[in-house]
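Colleague: I am new to this structure and would like a close look at a single part, the aromatic rings and what surrounds them. Please take me through it slowly, and carry on to the sheet afterwards.

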Amino acid sequence: MYFSIIAILLILMNTYFLTASRDMIFAQKKSFLLVQAITIAANLSASFNDLTVDGVNQIMDRLDVTGLTHITIIGIDGNALYDTNTGTDNSDPSFVAKNISEALAGNDVFYSKFSGGAFSSSAFTPVIDTTGAVIGVVYVHEYDVEQGAILIGLQSTIKSISVVILLLSILMVTFVIWTIMHRLTSILKAIESVREGEYNYRIQVHGNDELALLGDEFNSLTDRLRETEEIRRRFVADASHELKTPLASIRLLSDSILQNEDIDLDTVHEFVSDIGAEAERLSRTTEKLMSLTRLDNKVTVPKEPVDIRSVISGTLRMLRPLAEKNNIRLESSLDGGCLVWSTEDDIYQIVFNLVENAIKYNLPGGSVKISLTRTADNIVLTVDDTGIGVPEPDLPYIFDRFYRVDKARSREAGGSGLGLSIVRMTVRENGGTIEAVRRETGGMRFVVHFPPYHPPESDY
Ligand SMILES: Nc1ncnc2c1ncn2[C@@H]1O[C@H](COP(=O)(O)OP(=O)(O)OP(=O)(O)O)[C@@H](O)[C@H]1O
Ligand SMILES: [Mg+2]
């Protein structure tokens, strides 16, 4: 593209420019030669009714015309009455004869050509006497090498400039293409390295053009990949550890039963119920892992308007036995008309996990307060407890997968550290936000904001 533009410009410069200058010189020659010829003819016709050699010579001496190579004055009979030739006149005689007869018929004729590095121009004009009759012809010719030389000089200058421009643009284009190719190659190399799993590979970014932008984007993409890969690796490690622990307990308990030959029935009973508890924990953990995978894969269940208050009431019914067992009081203050665009399952997951935590990490005799309020553009769910709270340094991590502040206590309570991460993902999936704060009086407060559901305008 770039080359074609340059080529078109060069061709224009080499042709149009030269033809235009040549045509300009032709026009200038035409006026000069015709004026000369007509001046001579006018002088002759003013002086004579009949042309003679002496008479013509006399007039021509007096006129003293300069700047012409060849002047011929021809009588009506076609004979030359006057002829001076101070240079070259290589006009074709038959061509001259033809134009003389044209002039004898009363017409002005001009002809010019550029060849052999010179302009050779001829003009013919009739000499007319006082009665208006043609009595002869003036023929003037000019052979101009000087202007020809200027034109040829111009031509060769333009040619040299063109060659220089062409070479420069070839150099420039080659350089630009080379740099682009070089940078593209390094990006390609980086893509290859990252594809092979080398996530630490960085592209060195220089400048601020599109390729630099591409490099920058690539680097941040690689960073993201590295993070994701790191999270995945940690998740797999944590998950397998989480599954290994109860399996090891089951193995240990069953081995004890098998190897101990005189084991009494009560102990067997106790061990088997422990095995049952571990198995239950395993199935709970796998169930939670499956929920997380569903959330990760954004498996969408059709949504509908859900009344949070009725879901909370149902959930509290489920959790009351646990609260009673731990000697915890459950209080609730729930506004009506809190509709969200979600699924009952999602709201259940959120409420269940938050309230279960508030009971599990509470102190005997403590309480849990669930409140649901509705403002103009927000639905706010708050779960307060009077429990052990989360130490300030752990606060940023409690929503991470498998994160538990007190591993022993949580495991004892049957926890896997997945509940809050499921809650946060579910809340976000429903367009809401969640935050955890430590209460000044002790215990934790979890606050969830939901966008309210607005029923479509009815026609009635
Ligand atoms: N209300 C709370 N009071 C004090 N600590 C809490 C509270 N809620 C959560 N935590 C802390 O945050 C950790 C993570 O909670 P999360 O619900 O994710 O896991 P879990 O309760 O241990 O297990 P799971 O919910 O999967 O059965 C808990 O182990 C606990 O240490
Ligand atoms: Mg929990």
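Modeller: In this predicted model, Phe26, Phe114 and Phe119 are joined into a cluster by ring pairs. A search through the whole structure finds 10 aromatic pairs. One of them is formed by Phe95 and Tyr111, whose ring centres are 4.8 Å apart and whose planes stand at 65 degrees, so the pair is edge-to-face, since planes over 60 degrees apart are counted that way. This pair links distant parts of the chain, for Phe95 belongs to helix 3 (residues 93-104) and Tyr111 to strand 3 (residues 109-115), with their positions 16 residues apart in the numbering. Phe95 counts as partly exposed, at 22% relative accessibility, and Tyr111 is also partly exposed, with a relative accessible area of 33%.

Tyr397 and Tyr403 make another pair, with ring centres 5.6 Å apart and planes at 40 degrees, so this pair is tilted. Tyr397 has a relative accessible area of 41% and is partly exposed, while Tyr403, at 28% relative accessibility, likewise counts as partly exposed. A ring can also have a charged side chain over its face: Arg401 lies over the face of Phe235, at 5.2 Å from the ring centre.

Turning to the sheet, it is an open one of 5 strands in the order 7-9-10-12-11, with mixed pairing. Strand 7 (329-334) and strand 11 (433-438) stand at its edges, and each has a single partner strand, so one side of each is left without a neighbour in the sheet. On average, and ignoring direction, neighbouring strands of this sheet are turned by 10 degrees against each other. At one edge, strand 11 is joined by 6 bridges to strand 12 (residues 444-450), and the two run antiparallel; in this region Ala436 stands opposite Phe446, which is in strand 12.

Two helices can be followed onto this sheet. Helix 8 (residues 344-360) packs on it, touching strand 7, strand 9 (367-375), strand 10 (378-385), strand 11 and strand 12, and the direction of helix 8 makes about 25 degrees with that of strand 10. Helix 10 (residues 419-429) packs on the sheet as well, touching strand 11 and strand 12, and the direction of helix 10 makes about 140 degrees with that of strand 11.

Definitions and conventions. Residues are numbered from 1 along each chain as its sequence is written. Chains are lettered from A and ligands numbered from 1 in the order in which they are written. This is a predicted model: local features need pLDDT of at least 70, side-chain atom pairs count only at pLDDT 80 or more; totals for chains, interfaces and linings use all residues. Side-chain values use heavy atoms; hydrogens and water are left out. Rings of Phe, Tyr and Trp (its six-membered ring) pair if their centres lie within 6.5 Å; planes under 30 degrees apart count as stacked, over 60 as edge-to-face and the rest as tilted. Helices (H or I, at least four residues) and strands (E, at least two) are DSSP runs, numbered from the N terminus. Buried means under 20% relative accessible area, exposed over 50%, partly exposed in between (1.4 Å probe, protein chains only). A charge sits over a ring if NZ of Lys or CZ of Arg is within 6 Å of the ring centre and within 35 degrees of the ring normal. Two strands pair if DSSP finds at least two bridges between them. Axes are lines fitted to C-alpha atoms, for helices over the stretch in contact, and angles run from 0 to 180 degrees between N-to-C directions. Contact means heavy atoms within 4.5 Å.
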